[in-house]
Amino acid sequence: MTKIYLIRHADTLKENLGVYIADDTNQEMNEKCVLSAKGEEEAKQFASKEEIKQIKVLWTSNAVRAISTAKYISENNNIKLNINEEFKERIIGEKQGNPNYFKEQIEKEEYKYNNGESRKDVQTRMYNTLNNIFKDNKNETIGLVTHSQAMLFLLMKWTNVEVIDGNKREIKITFNDQEIFKGNIKNLETFELNVDDEMNLKEIKHII
């Protein structure tokens with residue numbers, strides 16, 4: 001059995017200041033957004049958790065906030081930090097002002113804005129890249145530091161997601177008819193996945 005930890009990055013400066021930049025126009029700026037002082041401390045403390053100390057293979061997106069979160073795990077566990085842009089956050093594209101955008105992306109796998117990514121687009125690139133890593137690291141403990149929407153869309157490969165409140169981005173995640181998570185995905189939210197040799201999900205836990 002292979003264990004995979006899906007981890008959202010720590011608190012960022014833009015969130016701390018109440019600013020959110022995630023459209024195509026500001027894609028480069030978004031990728032360079034740094035952790036806040038709070039986020040740096042959170043990430044450092046997070047790396048010392050017993051579950052996280054089990055990680056032997058570590059990957060992250062190419063966004064500065066994800067790399068800055070993962071560096072503490074890398075240093076604490078004395079393991080290499082690998083970076084792959086395929087684990088980046090979903091590209092929103094040209095904003096069209098749909099107040100139900102979040103809900104529609106959850107419920108319609110091909111819904112997207114112009115020049116943006118759909119749930120299916122994100123899930124495909126995330127899953128295929130993770131599957132290649134998995135094939136080379138069966139029976140290891142793999143850590144992946146990524147982003148809220150990217151992580152959620154990947155989880156939907158195996159689980160069911162229901163939108164409770166689209167404006168607040170509150171969701172419910174179930175697996176085999178059991179509730180795994182309810183709320184919105186916050187900083188350092190972490191899911192533990194146990195998968196078989198074909199990367200079929202056998203068990204999932206919301207641990208942090």
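## Exercises on a predicted model

Lys157 lies over the face of Tyr127, 4.5 Å from the ring centre. The model is predicted. The exercises below treat its rings and one helix.

**Exercise 1.** Classify the ring pair of Phe181 and Phe191, and place both residues in the chain.

*Solution.*
1. Start with the search: across the whole structure, five aromatic pairs turn up.
2. Take the geometry of Phe181 and Phe191: the ring centres are 5.6 Å apart and the planes stand at 75°.
3. Apply the cut-off: planes over 60 degrees apart count as edge-to-face. The pair is therefore edge-to-face.
4. Locate the partners. Phe181 sits in strand β7 (residues 178-183) and Phe191 in strand β8. Ten residues separate them, and the pair links distant parts of the chain.

**Exercise 2.** Decide for Phe181 and for Phe191: buried or exposed?

*Solution.*
1. Recall the limit: buried means under 20% relative accessible area.
2. Phe181 has 5% relative accessibility, so it counts as buried.
3. Phe191 has a relative accessible area of 0% and is buried.

**Exercise 3.** Which tyrosines do ring pairs link into a cluster?

*Solution.* Ring pairs join Tyr101, Tyr111 and Tyr113.

**Exercise 4.** Find the buried residues of helix α3, how they are arranged around its axis, and what they pack against.

*Solution.*
1. In α3 (residues 37-46), the buried residues are Gly39, Ala43 and Phe46.
2. Look down the axis of α3. These buried residues fall within an arc of 65°, so they line one face of the helix.
3. Now the partners: the buried residues of α3 pack against β1 (2-8), α4 (64-77) and β8 (190-195).

How values were computed. Residues are numbered from 1 along each chain as its sequence is written. This is a predicted model: local features need pLDDT of at least 70, side-chain atom pairs count only at pLDDT 80 or more; totals for chains, interfaces and linings use all residues. Side-chain values use heavy atoms; hydrogens and water are left out. Buried means under 20% relative accessible area, exposed over 50%, partly exposed in between (1.4 Å probe, protein chains only). Helices (H or I, at least four residues) and strands (E, at least two) are DSSP runs, numbered from the N terminus. The arc is that of the directions from the helix axis to the C-beta atoms. Contact means heavy atoms within 4.5 Å. Rings of Phe, Tyr and Trp (its six-membered ring) pair if their centres lie within 6.5 Å; planes under 30 degrees apart count as stacked, over 60 as edge-to-face and the rest as tilted. A charge sits over a ring if NZ of Lys or CZ of Arg is within 6 Å of the ring centre and within 35 degrees of the ring normal.
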